[in-house]
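Me: Please take me through the ligand sites of this model, setting each value against the definition on which it rests.

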Amino acid sequence: MTDSIRELTILQPDDWHIHLRDGKALGTTVPHAADSFNRVICMPNLVPPVKTVDDARAYRERIMTHLQNSDISAERIAAFDPRMTLYLTDNTTPQDIEMAAKSGIVQAVKLYPAGATTNSADGVTDISACVDVFEALEKYDLPLLLHGEVTQDHVDIFDREKRFLDEVLAQIIIKFPTLKIVVEHITTSDAADFVLAQGNHIAATITPQHLMFNRNHLLVGGIKPHFYCLPILKRESHQKVLLDVATSGNPKFFLGTDSAPHATDKKEATCGCAGCYSASIALPLYATAFDSVGKIDKLEGFASRFGAQFYGLPVNQSTITLVNTPMQVPNAYPYFDGTSLTPLLAGETLPWSIKD
Ligand code: NCD
Ligand code: ZN
């Protein structure tokens, strides 16, 4: 009986979608990520974005400097391996892709439709103009990571993911049949079905918030800005399907927290920023979600095997142990310049925790 498991040791997980930000923010975000994850795919939506291999190399060095200066163990420092991404713009060239593929540090390329989410103003305005770049990605076997939402003003925010799949992704797949694609942070049964219908070169990441919550959590009884992220939480029937596929053991679905820090005052505002901060508690969150449907035994594949398999990387050697012992999520973490960072479920109790 899986629901009697009190302790679970799994291979060390990786996070295939995280926002660490830059500058002083790294002092908080890097140790949180390195505590739980070996490899992390670092999103490139900085200001300005990470557009070239040189940008990526410099950003990785800034991340590593903050790691050395943190108080995490020498063992965790040695294990932490930030993998970089380039931000696709209208000006990205096939040469940029070739250099990325040969760099040894760039793991993928991220496409944000311009205006889709936080710091996406420099994103792609016309995806049909990316043909040369997509050909290069296919040639060099570099995955394309998608923020899968259309951005037209008139499209309802709850329909933006499905419209992207039907109108944009379906076309990309026809034209580039062997291009490796990750549909990032899927939020609908439509996206789950879409990914299931494709070959193994098309996969999806799923965040803890989309497994644990739906739009009622965001909106009923008052607006809860810490549940506001993009793509936005959908109705409960979608949440259930995401939980089904994440816990199904299908290697197309793997862990990507989309942990996206915004200072508390930027979230609790008249026009609050999109993004949930979860890096520090991601594993207890996922364990809670998997356990809620009696599938804690499926966590290791989702968290520690399938992403590495997709990216063609070895699985990690070390392990981490989760225990069915409650933990209290901190109300906030100190961030930078006197600001604070409020995590998902701040102040609440989670049934699972990481064993010391
Ligand atoms: C992310 C961020 O803050 O950078 N926000 C979010 O709501 N997920 C951007 C993104 O991944 O869409
Ligand atoms: Zn993201």
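**The metal site and the ligand shell**

Me: What makes the arrangement around the zinc ion (ligand 2) irregular?

Reply: The four donor atoms subtend angles of 93 to 143°. Four donors count as tetrahedral if all angles lie between 85 and 135 degrees, and as square planar if opposite donors are over 155 degrees apart and all others between 65 and 115; anything else is irregular. The arrangement is therefore irregular. This is a predicted model, in which local features need pLDDT of at least 70 and side-chain atom pairs pLDDT 80 or more, while totals for chains, interfaces and linings use all residues. Residues are numbered from 1 along each chain, ligands from 1 in the order written, and side-chain values use heavy atoms without hydrogens or water.

Me: Which residues coordinate the zinc ion (ligand 2)?

Reply: H17 (NE2), H19 (NE2) and D258 (OD) do, at 2.0 Å, where donors are N, O and S atoms within 2.8 Å of the metal (3.2 Å for Na, K and Ca). Their spacing along the chain is H-x1-H-x238-D.

Me: What makes the pairing of H262 with ligand 1 a polar contact?

Reply: A side-chain N or O atom of H262 is 2.8 Å from an oxygen atom of ligand 1, and a polar contact is a pair of N or O atoms within 3.5 Å. A backbone N or O atom of L230 also lies 2.7 Å from an oxygen atom of ligand 1.

Definitions and conventions
Polar contact = N/O pair within 3.5 Å; in protein donor to acceptor, adjacent residues only side chain to side chain. Tetrahedral: all angles 85-135°; square planar, octahedral: opposite > 155°, others 65-115°.
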